[in-house]
2 protein chains.
Amino acid sequence: AELFQTTGSFKYRGATNAVQNLPAGTRGVVTHSSGNHGQALAKAAAVKGIPAMIVMPASVSPVKKAAVIGYGATVVESGSTSTEREAVARSVQEKTGFVPIPPFDHADVIAGQGTAALELVEDVPNLDAILAPVGGGGMISGFSLAAPQTRIFGAEPTGADDAAQSLAKGELVRLEKCVSIADGLLTNYLGDLTWPIVQARVERIVTVSEDEIRAAMRLMWERMKVLIEPSAAVGVAAILSDAFRDVDAPRIGVVLCGGNVSLDTLPWQS
Amino acid sequence: AELFQTTGSFKYRGATNAVQNLPAGTRGVVTHSSGNHGQALAKAAAVKGIPAMIVMPASVSPVKKAAVIGYGATVVESGSTSTEREAVARSVQEKTGFVPIPPFDHADVIAGQGTAALELVEDVPNLDAILAPVGGGGMISGFSLAAPQTRIFGAEPTGADDAAQSLAKGELVRLEKCVSIADGLLTNYLGDLTWPIVQARVERIVTVSEDEIRAAMRLMWERMKVLIEPSAAVGVAAILSDAFRDVDAPRIGVVLCGGNVSLDTLPWQS
């Protein structure tokens with residue numbers, strides 16, 4: 001139930017591990033993220049006592065901006081394309097000497113995310129498998145390394161299924177565009193560090209439709225009373241899907257990876 | 001966090017205690033409730049292996065009816081006034097010989113609800129006070145008896161403040177009408193068993209507005225990721241309210257009493 005984690009998602013694990021491993025004298029950290037990694041890094045830096053600059057598109061929702069500022073970081077505005085955001089992040093890095101902490105393709109970030117699986121297999125020793133939603137692959141890579149004896153499954157929205165395609169094809173697939181309500185999983189391709197780990201360790205990546213994501217999210221809200229975000233619902237939707245019926249793994253750990261969701265409207269409202 | 005309790009509310013504690021204490025040979029149980037007590041009794045009876053009949057107004061939402069049926073009970077339809085519902089429940093009782101289990105004014109129900117406070121003071125030994133929302137007073141009476149060394153505060157919606165008025169006046173106040181989004185607290189007056197306990201033990205009952213309830217509910221959903229229902233938000237709203245500022249009780253336990261809420265729309269949507 002990583003939605004109960006500090007900053008509302010598992011990302012705090014990776015951000016904390018990365019920040020705590022920085023050499024003494026590090027001036028600050030920088031990243032570009034309009035999502036959970038930005039909030040997590042903001043808080044992790046505050047705990048360490050160093051400044052953080054989070055690059056976000058000018059178009060980002062005021063709530064997300066306020067969250068990052070609330071955790072004590074500075075928001076730097078950029079254009080909304082990846083190229084524009086990366087350019088601003090690099091410029092901040094050059095001007096300030098702050099260390100970039102990327103959202104997933106970073107050894108300390110991956111190792112940090114892995115601690116969620118470590119705790120899970122300690123808590124539930126007889127687990128047949130662990131299932132994790134896949135965006136950039138940081139979480140599932142960390143799980144793969146932290147629970148080497150456990151089978152690993154992934155889950156992706158059909159509209160952002162680059163990892164599923166990569167695994168099926170046996171080579172890294174880069175998507176032009178990702179579209180899904182699961183805004184934490186809109187990464188177009190896996191990283192240099194995460195792809196080899198995914199390829200070596202992940203048994204299968206199940207894809208789910210937007211309707212399945214919404215239904216799983218509503219089911220968890222209504223029956224479990226936990227306010228998971230759409231990206232977390234992707235994992236729940238996967239184990240509930242027809243595609244998963246023939247998987248012979250009776251005891252599957254599903255990490256509810258986050259709970260940061262806009263409450264202005266409900267995703268199942270027309 | 002009683003929203004995580006079986007059937008989604010603390011009511012399962014009282015229903016279970018009442019059902020488990022029934023004499024051998026009891027044929028079944030009956031109650032009239034369109035809310036959490038109905039669901040709780042349905043499930044408690046199923047666990048005990050005896051039938052339950054839950055009287056609900058014909059106008060009740062299909063979701064609530066389906067929940068009771070899902071727990072294995074039979075729904076008996078009635079008119080929507082208290083008199084009509086009670087008449088149907090009495091008629092069921094006479095025809096079937098089933099034992100009536102009322103929602104709050106029943107010693108075993110009160111004792112059962114008290115176990116939530118018992119667990120709370122065991123988990124958090126240095127608690128200055130416990131705060132509970134007040135409907136018919138079953139929960140707060142149980143808490144009062146189960147945690148005799150702890151100060152007890154109550155909370156009510158302004159539109160259903162019969163207990164606050166009773167406590168202030170020193171005699172039982174019966175309201176003509178209760179209006180609040182907190183549908184679990186729309187009881188017009190305390191019971192024969194609960195009122196004397198409330199009068200003897202409850203230090204103060206704080207009242208909160210509908211806006212305060214909605215704001216507390218949204219705060220808990222957004223920041224704590226727990227899907228509390230409006231009645232549970234009443235307790236949170238109370239400790240956040242101006243009225244509570246002068247209460248000298250730094251460590252207050254607030255029971256999040258339930259999480260059964262319609263997810264068709266959001267209460268803060270216009």
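Start with the salt bridges: a search of this predicted model finds 20 of them over all chains. Side chains of opposite charge can pair when their charged atoms come close. The first stops are a few of these pairs.

**Stop 1: chain A, a helix and a loop**

Select A:Lys64 and A:Asp183. Their side chains meet in a salt bridge, 2 atoms N to O at 3.4 Å. A:Lys64 lies in helix α3 (residues 62–70) of chain A and A:Asp183 in the loop between α7 (162–169) and α8 (194–201), so this pair ties together parts that are 119 residues apart in sequence. A:Lys64 is partly exposed, with a relative accessible area of 28%. A:Asp183 is also partly exposed, at 38%.

Stay in chain A and select A:Glu2, A:Arg13 and A:Glu119. A network of salt bridges links these residues.

**Stop 2: chain B, the start of the chain**

Now select B:Glu2 and B:Arg13. The closest N and O atoms of this salt bridge are 2.7 Å apart. B:Glu2 sits in the segment before α1 (11–20) of chain B, and B:Arg13 is in helix α1 itself, eleven residues apart. Are these two residues buried or exposed? B:Glu2 counts as buried at 8% relative accessibility, and B:Arg13 is buried with a relative accessible area of 11%.

**Stop 3: chain B, a helix and an edge strand**

Select B:Lys65 and B:Glu77, whose side chains form a salt bridge (2.6 Å, N to O). B:Lys65 belongs to helix α3 (residues 62–70) of chain B and B:Glu77 to strand β3 of chain B, twelve residues apart. B:Glu77 counts as partly exposed, at 44% relative accessibility.

From B:Glu77, extend the selection to the sheet. Four strands of chain B form an open sheet with parallel pairing, in the order β3-β2-β1-β4. Its edge strands are β3 (74–78) and β4 (99–100), each of which pairs on one side only. Strand β1 (residues 29–32) of chain B runs parallel to β4(B) and is joined to it by two bridges. To see one of them, show B:Val29, whose bridge partner in β4(B) is B:Val99.

**Stop 4: helix α7 of chain B**

Select residues 162–169 of chain B, which make up helix α7. Which residues here are buried? They are B:Asp162, B:Ala163, B:Ala164 and B:Ser166. The buried residues of α7(B) pack against β6 (151–157), α8 (194–201) and β7 (202–208) of chain B. Just after the helix comes B:Gly170, with a positive phi near 80 degrees.

**Stop 5: between the chains**

Show both chains together. The contact takes 20 residues from chain B and 20 residues from chain A. About 1,600 Å² is buried between them, with carbon and sulfur atoms giving 55% of that area. Select B:Lys225, B:Leu227 and B:Leu263: they supply 39% of the area that chain B buries against chain A, more than any other three residues.

How many salt bridges are there between chain B and chain A? The count is two. For a salt bridge with one residue in each chain, select A:Arg218 and B:Asp264, whose side chains meet at 2.8 Å, N to O. Across this interface, 13 residue pairs are in polar contact.

**Stop 6: the nonpolar core**

Finish with B:Trp221. Leaving out residues up to four places away in sequence, B:Trp221 touches A:Trp221, A:Leu227 and A:Leu263, and its contacts in chain B include B:Val226, B:Ile228 and B:Trp268. The largest nonpolar core has 106 residues. Among those with the most contacts inside this core are B:Trp221, A:Trp221, A:Ile130 and B:Phe143.

Terms used: Residues are numbered from 1 along each chain as its sequence is written. Chains are lettered from A and ligands numbered from 1 in the order in which they are written. This is a predicted model: local features need pLDDT of at least 70, side-chain atom pairs count only at pLDDT 80 or more; totals for chains, interfaces and linings use all residues. Side-chain values use heavy atoms; hydrogens and water are left out. A nonpolar core is a set of buried Ala, Val, Leu, Ile, Met, Phe, Trp, Tyr and Cys residues joined through side-chain atoms within 4.5 Å. Buried means under 20% relative accessible area, exposed over 50%, partly exposed in between (1.4 Å probe, protein chains only). Contact means heavy atoms within 4.5 Å. Two strands pair if DSSP finds at least two bridges between them. Buried area is the accessible area (1.4 Å probe) that two parts lose on being put together, summed over both. A salt bridge is a side-chain nitrogen of Lys or Arg within 4 Å of a carboxyl oxygen of Asp or Glu. A polar contact is a pair of N or O atoms within 3.5 Å; within protein, one must be able to donate a hydrogen and the other to accept it, and residues adjacent in sequence count only if both atoms are side-chain atoms.
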